[in-house]
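Welcome! Here is a short briefing to read alongside a protein model, with the main points grouped by topic.

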Amino acid sequence: MVNSQKILEKILNARENRAQQRAQFLKQQFNTLSLSLNIPGYPKSNELISTFFLEVKNNLINYLQANRVELIYEKETLIVDEAGDFFIIPIAKNSKINVLELKILTENFESTQTLGRLIDVDIFNDLGVPISSGKKKLCYFCGKHAAISCMRNKRHTKEEIRNLIFNDLKKIQAISIKNKRINTLVAFASKAILYEISLSPKPGLVSFKDTGSHTDMHFFTFLNSAVALTPFFNKFCELGYAYTGKIEEILPKIRHIGIKAEQEMFKATGNVNTHKGIIFLFGISLFSIAKIISENNRFSDTTFKYLVIEISNGIVKNELELNSKKVATHGELMYKKYGKLGAGIRQEVAEGFPSVFKNALPFLDKNFKNHQKLNQEEIQEILQTTLLHIISLNNDSNILYRSNFEALTHVKKLAKNAIHSKKSYIELCNYCKENNISPGGSADLLSVSLLIHFVKNAQL
Ligand SMILES: [Zn+2]
């Protein structure tokens with residue numbers, strides 16, 4: 001009893017401090033706007049509540065800015081004490097919106113927010129009188145009666161209301177974290193493919209400067225495709241973030257999204273295959289990254305590699321070997337002719353991206369961390385070296401298909417030399433163009449390397 005009396009005293013003191021804070025603004029003849037949460041019982045704040053409160057506060061400020069409400073930001077006050085989280089700010093004296101209009105605006109804000117019934121935005125005029133629109137807030141717990149009526153009639157216990165509030169807060173915090181992470185991942189995926197296409201010139205590949213060994217596509221074809229793929233990157237991430245089923249059953253689900261993505265790609269490019277390889281690689285990669293982050297709260301190279309290997313378990317055998325009787329696709333043809341060496345991107349995935357992890361990613365991690373501060377030439381140079389590291393290792397089945405094994409060996413050798421020589425880079429570009437060679441698989445792996453690099457360097 002003594003204890004609860006002490007707590008009550010502390011809460012009342014804290015409330016008194018708030019009243020004094022408001023009184024300071026009244027003295028200066030300001031109308032004020034304040035924000036608090038309806039948390040019954042004690043304690044009235046903790047990390048979960050404060051995180052929610054700050055999000056609501058920022059959202060409220062943005063909302064008021066959007067509605068042209070002028071506030072005096074240099075006088076804003078944020079308090080966390082025994083009475084809970086509290087924010088107060090004076091309203092500019094020449095504000096075109098009167099206090100009643102403002103009250104209605106903020107009621108509209110409350111009613112459209114998730115868990116809006118927890119939120120109290122109060123408006124006091126410059127005489128210290130609270131402004132009311134006459135609307136009564138509904139009870140948080142039952143949503144049937146006015147909050148004040150349930151409180152007076154003690155329809156629910158403090159405990160049951162608090163339990164419901166904390167459960168709801170946990171749920172929306174998890175959703176908010178998930179959305180932020182997925183938005184970031186999707187942005188990284190788009191950035192990776194845009195950086196890849198922007199590297200110019202590239203050996204045999206489409207770039208801003210030329211179309212390499214291609215006649216049916218150019219830089220803008222890739223932009224059309226990149227934009228069309230964004231919603232599908234989101235779908236791959238959503239699938240990974242929520243997936244708790246068996247890993248060996250996931251590939252058809254990733255493919256299902258991938259097929260739809262391909263259809264949109266062909267629509268956007270006028271039937272040109274720009275990013276089919278990327279759809280496959282990013283499908284598996286984004287699924288894996290999202291799953292790892294949702295489970296472990298952070299990304300790890302090793303976990304990623306093992307998960308990719310697990311997902312693609314048997315992919316070479318199942319998809320290329322079994323079909324070898326009715327040879328149809330490029331991949332199947334190359335596999336029949338060259339075995340594992342001709343299995344291309346499937347082999348790369350089956351082994352957990354060796355061409356990415358051996359040299360390309362360590363090089364990026366070392367040199368590209370603060371890429372926002374680099375100039376265009378420096379960015380081009382780093383992307384170029386990363387691509388060369390990949391070409392020098394990757395058994396690109398695009399090269400095997402358009403040429404032969406000797407050409408692949410030669411391209412790998414030229415790429416290795418070009419890592420340290422600008423002259424050799426030009427030689428490599430010329431060789432690819434003259435021999436109609438396009439290391440498209442390596443370009444896709446450059447995008448994968450960039451995606452993983454961005455993820456590793458971000459707070460997700
Ligand atoms: Zn109620």
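In helix α11, which covers residues 330–338, the buried residues are Gly331, Glu332, Met334 and Tyr335. Looking down the axis of α11, you would find these buried residues within an arc of 165 degrees, so they line one face of the helix. Keep in mind as you explore that this is a predicted model.

**Around helix α11**

- A general rule helps here: an α-helix has 3.6 residues a turn, so residues three or four places apart point the same way.
- Gly339 comes just after α11 and takes a positive phi of about 65 degrees.

**Two domains**

- The domain assignment splits out domain 1, residues 2–137, and domain 2, residues 179–456.
- Between the C-alpha centres of domain 1 and domain 2 there are 51 Å.

**The four-stranded sheet**

- An open sheet is built from four strands in the order β2-β3-β1-β4, with antiparallel pairing.
- Which strands sit at the edges? They are β2 (77–81) and β4, each of which pairs on one side only.
- On average, neighbouring strands of this sheet are turned by 15 degrees against each other, if direction is ignored.
- As general background, strands of a sheet pair through backbone hydrogen bonds, either parallel or antiparallel.

**A closer look at strand β1**

- Why can β1 (residues 31–37) be called largely enclosed by the rest of the structure? Six of its seven residues are buried, so the description fits.
- Strand β1 pairs with β3 (residues 84–91) in the antiparallel sense, over six bridges.
- Strand β1 is also joined to β4 (residues 119–124) by six bridges, and these two strands run antiparallel.
- Within these pairings, Leu35 stands opposite Phe87 in β3.
- Ser34 is a nice residue to find in the 3D view: it has Asp122 as its bridge partner in β4, and it stands opposite Ile88 in β3.

**Helices that pack on the sheet**

- Helix α2 (residues 47–66) packs on the sheet and touches β1, β2, β3 and β4. The direction of α2 makes about 145 degrees with that of β1.
- Helix α3 (residues 99–112) packs on the sheet too, touching β1 and β4. The direction of α3 makes about 175 degrees with that of β4.

Definitions and conventions: Residues numbered from 1 in each chain as written. Predicted model: local features only at pLDDT ≥ 70, side-chain atom pairs only at ≥ 80, totals over all residues. Buried ≥ 20, exposed ≤ 12 C-beta atoms within 10 Å, placed from the backbone. Arc of directions from axis to C-beta. Pairing = 2+ DSSP bridges. Domains from an automatic or database assignment. Axes fitted to C-alpha atoms, helices over the stretch in contact; angles between N-to-C directions. Contact = placed C-beta atoms within 7 Å.
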